[in-house]
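Student: I would like to go through this structure with you, one question after another. Could we start with the overall picture and then look at the details?

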Amino acid sequence: MFFRFARCEEEANLKVEEAPVAAPEAVPEPVPAPAPVTLKSLSADEIESLKSEIIAEAVTKIAGEEGEKLADFLEPEIITAPYDPRFPNRNQARHCFVRFNEFFKCAHERGEEHARCQFYKKAYLGLCPSEWIDAWTELREKALWTGKY
């Protein structure tokens with residue numbers, strides 16, 4: 001306990017006035033909590049409406065109010081090509097060019113839906129800048145492409 005000693009006589013003679021204590025206010029009686037709602041106590045229609053509310057809330061969280069976030073889920077995943085010892089350098093321009101040509105060669109020999117052709121397509125889409133792909137595709141359409149396929 002901390003005691004304060006008076007430094008002078010004036011402080012010793014000071015009277016401490018006590019604040020009047022207010023009468024305690026009446027405390028309201030606690031209201032009993034309502035009985036908890038369980039799934040067993042709900043009707044089938046109420047359960048279905050509750051399910052639809054929960055689903056709507058989850059869809060809104062995922063897709064946004066007007067579906068603006070939904071495009072993020074629908075965009076295809078771009079996976080880059082695995083390491084190829086033919087292209088050990090940091091500059092992957094030649095790798096891109098070869099994969100682009102390999103895809104059209106494979107598509108000519110086996111069809112575009114073949115698994116190996118899809119691998120080449122994913123590889124060149126992951127490696128090549130879109131401007132190059134557009135320019136090369138345009139050259140292929142005009143029959144000015146230097147490749148055989």
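**Helices, rings and contacts**

Tutor: Let us begin inside one helix: W132 and W136 are four residues apart in helix α6, so about one helical turn separates them. Please keep in mind that this is a predicted model.

Student: Thanks! How many helices and how many strands does the secondary structure hold?

Tutor: Going from the N terminus, the elements read α-α-α-α-α-α. The secondary structure therefore consists of helices (DSSP runs of at least four residues). The count is six helices and zero strands.

Student: What percentage of the 149 residues in the protein is buried?

Tutor: A residue counts as buried here if its relative accessible area is under 20%. Of the 149 residues in the protein, the buried ones make up 15%.

Student: Which description fits the directions of α4 and α5, roughly parallel or roughly antiparallel?

Tutor: Helix α4 covers residues 93–110 and helix α5 covers residues 115–127. Their axes come within 8 Å and cross at roughly 155°. Angles over 145 degrees count as roughly antiparallel. The two helices, α4 and α5, are therefore roughly antiparallel.

Student: What is the handedness of that crossing of α4 and α5, left-handed or right-handed?

Tutor: On the α4 side, the residues that meet α5 include H95, F100 and R110. On the α5 side, those that meet α4 include R116, Y124 and L127. As for the handedness, the crossing of α4 and α5 is left-handed.

Student: How do the residues of the contact of α4 with α5 divide into nonpolar, polar and charged?

Tutor: The α4 side has C96 and F103 among its residues, and the α5 side has K121 and A123 among its own. Sorted by class, the residues of this contact of α4 with α5 are eleven nonpolar, one polar and five charged.

Student: Which word describes how α4 lies relative to α6, oblique or roughly parallel?

Tutor: The axes of α4 and α6 come within 12 Å and cross at roughly 40°. Angles under 35 degrees would count as roughly parallel. With the axes crossing at roughly 40°, α4 is therefore oblique to α6.

Student: And what is the handedness of the crossing of α4 and α6?

Tutor: The residues that make this contact are A93, C96, F97, F100 and F104 of α4, together with W132, W136, T137 and R140 of α6. By class they are seven nonpolar, one polar and one charged. The crossing of α4 and α6 is right-handed.

Student: The aromatic residues caught my eye. What kind of pair do the rings of F100 and W136 form?

Tutor: The structure holds eleven aromatic pairs. For F100 and W136, the ring centres are 5.1 Å apart and the planes are at 55°. Planes under 30 degrees apart would count as stacked and those over 60 as edge-to-face. The pair of F100 and W136 is therefore tilted.

Student: How many residues apart in sequence are the parts that the pair of F100 and W136 ties together?

Tutor: F100 lies in helix α4, whereas W136 lies in helix α6, residues 130–141. Their C-alpha atoms are separated by 9.0 Å. Because the two rings sit in these two helices, the pair ties together parts that are 36 residues apart.

Student: Which of these classes fits W132: buried, partly exposed or exposed?

Tutor: W132 and W136 form a tilted aromatic pair, with 5.8 Å centre to centre and 40° between the planes. W136 has 13% relative accessibility, so W136 counts as buried. W132 has a relative accessible area of 35%, so W132 is partly exposed.

Student: Which residues do ring pairs link into a cluster?

Tutor: F100 touches Y124, W136 and W145, among other residues. At 0% relative accessibility, F100 counts as buried. The cluster linked by ring pairs consists of F97, F100, F103, F104, Y124, W132, W136 and W145.

Student: Which residues does H95 touch, not counting those up to four places away in sequence?

Tutor: H95 lies in helix α4. Its relative accessibility is 2%, so H95 counts as buried. Beyond its sequence neighbours up to four places away, H95 touches A81, P82, D84, F87 and L127.

Student: One last point: near what value is phi of A143?

Tutor: Most residues other than glycine have a negative phi. A143 is found in the segment after α6, and its relative accessible area is 65%, so A143 is exposed. Its phi is positive, near 60°.

Definitions and conventions:
Residues numbered from 1 in each chain as written. Predicted model: local features only at pLDDT ≥ 70, side-chain atom pairs only at ≥ 80, totals over all residues. Heavy atoms only, no water. Axes fitted to C-alpha atoms, helices over the stretch in contact; angles between N-to-C directions. Parallel < 35°, antiparallel > 145°, perpendicular 65-115°, else oblique. Left-handed = near helix turned anticlockwise from the far one by under 90°. Contact = heavy atoms within 4.5 Å. Nonpolar A, V, L, I, M, F, W, Y, C, P; charged D, E, K, R; others polar. Phe/Tyr/Trp six-rings, centres within 6.5 Å; stacked < 30°, edge-to-face > 60°. Buried < 20%, exposed > 50% of the residue type's maximum accessible area, 1.4 Å probe, protein only.
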